[in-house]
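Colleague: I am new to this structure. Could you walk me through the ligand site?

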Amino acid sequence: MEERKDGKQHIFLIGFMGSGKSTVGELLAERLSLPFIDSDREIEKSEGKSIDEIFSREGEKAFRDMELNFLVELKGLKPSVVSLGGGLPAINGALELMHQFGLVIYLNTSLLTLIQRLKNEKDLRPLLKDLSDAEFHPFVEDLLSQRVHFYKQAKLIMPNERNSPIELVDKLTKELNKLNY
Ligand code: S3P
């Protein structure tokens, strides 16, 4: 399989729901002239169902298995920028796979910013949509605290807070140059 200068095949963007992975991923791919792949959209395509339908009909465990399979299958693809679902890095063995054939970047967004962004998008996300207003904040806080140590195993940690997506892509391309990517 084709590899880039640093020996890594893909660029993986990881981070919590609402951290901007898809928006930034698409722009970064365009900047680097690479294909862009989004794990949720690919799983929806191959299953012929929305993420919401997969969660409600088959359950979260089945979805996590699909995410891991998606990751394994990326090994055979040409170098791409890949945005990964927020829960993927917490699946057993997933981070090892990402590090094996990709450069892993964490989009680090604070709890308060995530809460702000996600509260208007709750209905789009199966893990959040049934939470009451009172449950929402503690749920996000707890899930983020369970996941942050996985996210922090990324090779690059990029704050994504007050900057625009374009500014972040500018910073990211500079960091990638430093890493000889
Ligand atoms: C999930 C994040 C979602 C999607 C699913 C579960 C999670 O992706 O995979 O709803 O467990 O954090 P985004 O991070 O792209 O929103």
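**The ligand and its surroundings**

Modeller: Start with the neighbours, and keep in mind that this is a predicted model. The ligand has 14 residues around it, and the nearest of them are Lys-21, Asp-40, Arg-64, Arg-125 and Arg-147.

Colleague: How far is an N or O atom in the side chain of Lys-21 from an oxygen atom of the ligand?

Modeller: A polar contact needs a pair of N or O atoms within 3.5 Å. The side chain of Lys-21 meets that with a ligand oxygen, at 2.5 Å.

Colleague: Which values go with the side chains of Arg-64 and Arg-147?

Modeller: Both pair with an oxygen atom of the ligand. For Arg-64, a polar side-chain atom lies at 2.7 Å. For Arg-147, an N or O atom of the side chain is at 2.6 Å.

Colleague: How much of the ligand's area does the protein bury?

Modeller: Take the ligand alone to begin with. It then exposes 390 Å². The share of this buried by the protein is 94%.

Colleague: Which helix gives the largest share of the shell around the ligand?

Modeller: The shell holds five nonpolar, three polar and six charged residues. Three residues of the shell come from one helix, spanning residues 60–74. That largest share belongs to helix α4.

Colleague: Which pocket does the ligand take up?

Modeller: Look at the UniProt record, an unreviewed entry. Its "binding site" annotation covers Asp-40, Arg-64, Gly-86 and Arg-147. Those four, Asp-40, Arg-64, Gly-86 and Arg-147, are in the lining of the largest pocket. The ligand's space is that very one, the largest pocket.

Colleague: Where is Gly-86 placed?

Modeller: Look between β3 (81–83) and α5 (94–101). Gly-86 is in the loop there.

Colleague: Where is Ser-22 placed?

Modeller: The unreviewed UniProt entry also gives "binding site" at Gly-18, Ser-19, Gly-20, Lys-21, Ser-22, Thr-23 and Arg-125. The lining of the largest pocket includes Ser-22 among these residues. Ser-22 belongs to the helix of residues 21–32, α1.

Terms used:
Residues numbered from 1 in each chain as written. Predicted model: local features only at pLDDT ≥ 70, side-chain atom pairs only at ≥ 80, totals over all residues. Heavy atoms only, no water. Near = heavy atom within 4 Å. Polar contact = N/O pair within 3.5 Å; in protein donor to acceptor, adjacent residues only side chain to side chain. Areas by Shrake-Rupley, 256 points an atom, 1.4 Å probe, with all protein chains shown as cover. 1 Å grid on protein atoms, 1.4 Å probe; cavity = no way out; pocket = protein on both sides within 12 Å on 5 of 7 lines; lining within 4 Å. Sits in = over half its atoms within 2 Å of the grid points. Helix = DSSP H or I, 4+ residues; strand = E, 2+ residues; numbered from the N terminus. Nonpolar A, V, L, I, M, F, W, Y, C, P; charged D, E, K, R; others polar. UniProt positions renumbered as here; feature names shortened; annotations may be inferred.
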